[in-house]
Amino acid sequence: MPTFIVICLIAGCLDATKVAPTVTQLGVTQDIPRLEFGRTLYIEQCTKCHNALRITRFPLQQWQQEILPDMVVRSKFSNEQTDAVMAYITSVLAQSPQM
């Protein structure tokens, strides 16, 4: 029983929209299915090995040159999956104040 309580407390504290805002929150009007696919991959696949990081924690250049290439190799994402995640990350960063 105590394990169940701990899991519920942790799950209650997690808010995926803080880490990865919904496509609706981004206010985009184009390419919505691909962006939603990218967000879904980010939340569901990237968290299989580690906690999802707040996308705005890193600049676009670091996502493009370091983070995503390394994770693509580890996750074995297809080109379509990689493009969708990158499109989503780019959209999130485009809507956020510059770091």
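In this predicted model, helices H5 and H6 are roughly antiparallel to each other, a description that follows because an angle over 145 degrees counts as roughly antiparallel and the two axes cross at roughly 150 degrees. Two packed helices are described by the angle between their axes and the distance between the axes. For helix H5, which covers residues 60-75, and helix H6, which covers residues 79-95, the axes come within 11 Å. The crossing of H5 and H6 also has a hand, and here the crossing is right-handed.

Which residues of H5 and H6 meet? On the side of H5 they are Leu60, Trp63, Gln64, Leu68 and Val72, and on the side of H6 they are Thr82, Val85, Met86, Ile89, Thr90 and Leu93. When the residues of this contact are divided by type, eight are nonpolar and three are polar, while no charged residue is found in the contact of H5 with H6.

Between H5 and H6 runs a loop, and Lys76 is found in this loop. Most residues other than glycine have a negative phi, and most peptide bonds are trans. Lys76, however, has a phi near 60 degrees, a positive value in a residue other than glycine. Is Lys76 buried or exposed? With a relative accessible area of 71%, Lys76 is exposed. Asp31 also has a positive phi, near 60 degrees, and is likewise a residue other than glycine. Asp31 is found in the loop between helix H3, residues 23-26, and helix H4, residues 32-44. The relative accessible area of Asp31 is 39%, so Asp31 is partly exposed.

Trp63, already met in the contact of H5 with H6, leads on to the aromatic rings. How many aromatic pairs are there? The count comes to two, taking rings as a pair if their centres lie within 6.5 Å. In one of these pairs, the rings of Tyr42 and Trp63 have their centres 6.1 Å apart and their planes at 70 degrees, so the pair is edge-to-face. Because Tyr42 lies in helix H4 and Trp63 in helix H5, this pair ties together parts that are 21 residues apart in sequence. Both Tyr42 and Trp63 are buried.

The rings of Phe58 and Trp63 have their centres 5.8 Å apart and their planes at 85 degrees, so this pair, too, is edge-to-face. Phe58 is buried, as is Trp63. Taken together, Tyr42, Phe58 and Trp63 form one aromatic cluster.

Technical notes:
Residues are numbered from 1 along each chain as its sequence is written. This is a predicted model: local features need pLDDT of at least 70, side-chain atom pairs count only at pLDDT 80 or more; totals for chains, interfaces and linings use all residues. Side-chain values use heavy atoms; hydrogens and water are left out. Axes are lines fitted to C-alpha atoms, for helices over the stretch in contact, and angles run from 0 to 180 degrees between N-to-C directions. Helices (H or I, at least four residues) and strands (E, at least two) are DSSP runs, numbered from the N terminus. Angles under 35 degrees count as roughly parallel, over 145 as roughly antiparallel, 65 to 115 as roughly perpendicular and the rest as oblique. A crossing is left-handed if the near helix is turned anticlockwise from the far one by less than a right angle, and right-handed if clockwise. Contact means heavy atoms within 4.5 Å. Ala, Val, Leu, Ile, Met, Phe, Trp, Tyr, Cys and Pro count as nonpolar, Asp, Glu, Lys and Arg as charged, and the others, Gly among them, as polar. Buried means under 20% relative accessible area, exposed over 50%, partly exposed in between (1.4 Å probe, protein chains only). Rings of Phe, Tyr and Trp (its six-membered ring) pair if their centres lie within 6.5 Å; planes under 30 degrees apart count as stacked, over 60 as edge-to-face and the rest as tilted.
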